[in-house]
Amino acid sequence: MSILSLINAALQKHGWLIAHLPSDEEERAAQLIELLVEDNVDGRARRHTLQPWLWYERPVRERFEGQDCCLTVEGPIYRSRDGTGYPLGSQLRTEFGWLDLTPEETNVIADEVRSAIDLTLLRWFTRPDMADRQLPSRQSRDRYFDDDVARNLILSATPPTASMEQDAHAD
């Protein structure tokens, strides 16, 4: 029995898709499950990406992950009397330990992190050598072609290893 069949059977047994999802979200949830249970590198990458979202007791609203630190914003979002939305808090992980932040502190630090991300990404986007690659909308990937191009770019950007050189001489 495939992984997909096992997960679908388990979900149906518990009635999760039918009992716990609004009907307008059932199709999207089914698509998500299909993607998560793919028994290939794409499925493994998706499961790896979602793993940290499952470590927390509260729903994870956002994650900002750096080299040595990570901020996990916990939800849901609640509105204050003035209409400002506040998450329930956040947890900041560093190499030195953990820090629990209040809802107000979370809003302040999350805004600072988003601003820093925006500055970095816009600096890259506006670089002169990127001008000819800028597009008005997101372009879909042709996985067969684009993945092959990306793998070749990775290989050309890294020095060959001894095993790669041996493989090249064997041909």
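Hi everyone, let me start with one residue, Glu38: its relative accessibility is 25%, so Glu38 counts as partly exposed, given that buried means under 20% and exposed over 50%. Do keep in mind that this is a predicted model.

Where does Glu38 sit? You'll find Glu38 in the loop that links helix H3, residues 26-36, to helix H4, residues 41-50. And what does Glu38 touch, once we set aside neighbours within four places in sequence? Its contacts are then Gly43, Arg44, Arg46 and Arg47.

Let's zoom out to the whole protein. The secondary structure adds up to seven helices and six strands. If you walk along the sequence, the order reads α-α-α-α-β-β-β-β-β-β-α-α-α.

Now, the inside. The protein has 171 residues, and 17% of them count as buried. The largest nonpolar core is made up of six residues, namely Phe64, Leu71, Val73, Leu92, Leu101 and Ala110.

I'd like to pick out Leu71 from that core. Again leaving out neighbours within four places in sequence, Leu71 is in contact with Phe64, Leu92, Leu101 and Ala110, among others. The contacts of Leu71 also include Glu62, Arg63, Ser90, Gln91 and Ile109.

Two overall values before I hand over. Taking contacts between residues at least 6 apart in sequence, 21% join residues at least 24 apart. As for the outside, the accessible surface of the protein is about 13900 Å², and carbon and sulfur atoms account for 56% of that.

That's my tour, thanks for listening!

How values were computed:
Residues numbered from 1 in each chain as written. Predicted model: local features only at pLDDT ≥ 70, side-chain atom pairs only at ≥ 80, totals over all residues. Heavy atoms only, no water. Core = buried A, V, L, I, M, F, W, Y, C linked by side-chain atoms within 4.5 Å. Buried < 20%, exposed > 50% of the residue type's maximum accessible area, 1.4 Å probe, protein only. Contact = heavy atoms within 4.5 Å. Helix = DSSP H or I, 4+ residues; strand = E, 2+ residues; numbered from the N terminus. Areas by Shrake-Rupley, 256 points an atom, 1.4 Å probe, with all protein chains shown as cover.
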